[in-house]
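Visitor: I should like to learn how to read a protein model feature by feature. Could you guide me through one?

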Amino acid sequence: MTLHSRETGLRVGVVGAGRVGAVLAAALRSAGHEIVAAAGESDASRARIADLLPGVPTLKPTAVARACDLLLLTVPDDMLRNVVTTLSDAGAIRPGQYVVHTSGRHGLDVLRPAAELGARVVAMHPAMTFTGTAIDLDRLSGCVFGLTAGDAERPIAEALVADLGGNPMWVPEEMRTLYHAGLAHGANHLVTLVTQAMEMLAAAGADDPAGTLRPLLTAALDNALEHGDAALTGPIVRGDVNTVRAHLADIRAKTPQTLTSYVVLARNTLDRAVTDGRVLPIRAAAILRVLDAAERDAAAVRPHARRR
């Protein structure tokens, strides 16, 4: 059962109309809730409100909090505690009000000032990357939301996720940071890895580095998600010392800004391949010597590497 069907006419306010906040508010509006106000200071935030939430007034955070039954806090992680404290100290939070934040790192502790005033607090993080446009609305379907809430708020949290078209994943308070680190490592660092791979291909003369990588990366991602380490292929797993050495030499000469990450990931790949027995110790030792030498080179070229 959705939150809307349980408590018709929830008035939702959004503080922090960034890429996440404006999209979630638009989705809640589509589910039948009333978005009464939004707070956003930057030109980009105001543009998102106009585009995704037409007709919704832009107010100060305290005014947004006072106007709503469900306060959605979608501000950056490092700002969240200060925002909660400021709103609580200003008397903008009231007993029985839902206060929900979308930080991956934080759980309920950051909402303590609101909870002490009698608010019903929930941590609800969408495991998704956002553009801050209408494109994101369809992506919410089936999206996992990392939830942390007290026993009394669990039904509310699940119903809210249902209204957004997502699936709940319960995360203990003490595991929020590790949960978020896993998502950041998988998604954010993937962007860095793919971008560096495109730089290498461009330097090698590829006219369309993205088009060259897309079929390969799609297959590799699907295989990794399905099979884990068993999906590993390539020169490290085969123990091809000379190929790894040749890779490193060309990377150092032509795309030195990618050398450090190649070495680090090659070392981690080797560790996993040795653990499951696919690379013999003698081969692994030879590859490690090559990587150690490259790591020293990487330290030498790092100050001169191009930064993006």
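Guide: The dialogue below goes from the whole chain to its sheet, then to single residues and a pocket. Please keep in mind that this is a predicted model.

Visitor: How many helices and strands are there in the chain?

Guide: The chain holds 14 helices and 7 strands. Along its principal axes, the C-alpha trace spans about 65 × 40 × 35 Å. Of the 308 residues in the chain, 39% are buried.

Visitor: How should I read a sheet, and what is the order of the strands here?

Guide: Strands of a sheet pair through backbone hydrogen bonds, and the pairing is either parallel or antiparallel. In this model, an open sheet of 7 strands follows the order 2-1-3-4-5-6-7, and its pairing is mixed. The edges are taken by strand 2 and by strand 7 (167-170); each has a single partner strand, so one side of each is left without a neighbour in the sheet. On average, neighbouring strands of this sheet are turned by 25 degrees against each other, direction ignored.

Visitor: In which sense does strand 1 pair with strand 2 and with strand 3?

Guide: Both pairings are parallel. Strand 1 (residues 11-15) and strand 3 (residues 70-73) are joined over 4 bridges, while strand 1 and strand 2 are joined over 5 bridges.

Visitor: Which residues stand opposite Val-12 in these two neighbours?

Guide: Val-12 faces Leu-70 in strand 3 and Ile-35 in strand 2. For Gly-13, the bridge partner in strand 2 is Ala-37.

Visitor: Strand 2 stands at an edge of the sheet. Is strand 2 largely enclosed or left open by the rest of the structure?

Guide: An edge position concerns neighbours in the sheet, whereas burial is judged from accessible area, with under 20% relative accessible area counting as buried. In strand 2, 5 of the 6 residues are buried, so this strand is largely enclosed by the rest of the structure. Strand 1 is mostly covered, with 4 of its 5 residues buried.

Visitor: How do I apply the same reading to a loop residue? Is His-33 buried or exposed?

Guide: First locate the residue, then compare its accessibility with the cut-off. His-33 lies in the loop between helix 2 (19-30) and strand 2 (34-39). Its relative accessibility is 4%, and His-33 therefore counts as buried. The side chains of His-33 and Asp-163 are joined by a polar contact of 2.8 Å.

Visitor: Where is Gly-91 found, and is it buried or partly exposed?

Guide: Gly-91 belongs to the loop between helix 5 and strand 4 (98-101). Because its relative accessible area is 49%, Gly-91 is partly exposed. The C-alpha atoms of Gly-91 and Leu-117 are separated by 9.1 Å, and these residues are 26 apart along the chain.

Visitor: Finally, how should I read a pocket? Which residues lie nearest the centre of the second largest pocket?

Guide: One may take the space first, then the lining, and then the classes of residue. The second largest pocket contains about 420 Å³ of space. Its lining comprises 22 residues, and those nearest its centre are Val-15, Ala-39, Gly-40, Glu-41 and Pro-61. Helix 3 (43-52), helix 4 (61-67) and helix 5 (77-89) are the elements that give two or more residues to this lining. Helix 5 contributes the largest share, 4 residues.

Visitor: What classes of residue make up the lining of that pocket?

Guide: The lining of the second largest pocket has 10 nonpolar, 9 polar and 3 charged residues.

Conventions. Residues numbered from 1 in each chain as written. Predicted model: local features only at pLDDT ≥ 70, side-chain atom pairs only at ≥ 80, totals over all residues. Heavy atoms only, no water. 1 Å grid on protein atoms, 1.4 Å probe; cavity = no way out; pocket = protein on both sides within 12 Å on 5 of 7 lines; lining within 4 Å. Points joined across faces, edges and corners; volume = space filled by probe spheres on them. Nonpolar A, V, L, I, M, F, W, Y, C, P; charged D, E, K, R; others polar. Buried < 20%, exposed > 50% of the residue type's maximum accessible area, 1.4 Å probe, protein only. Polar contact = N/O pair within 3.5 Å; in protein donor to acceptor, adjacent residues only side chain to side chain. Pairing = 2+ DSSP bridges. Axes fitted to C-alpha atoms, helices over the stretch in contact; angles between N-to-C directions.
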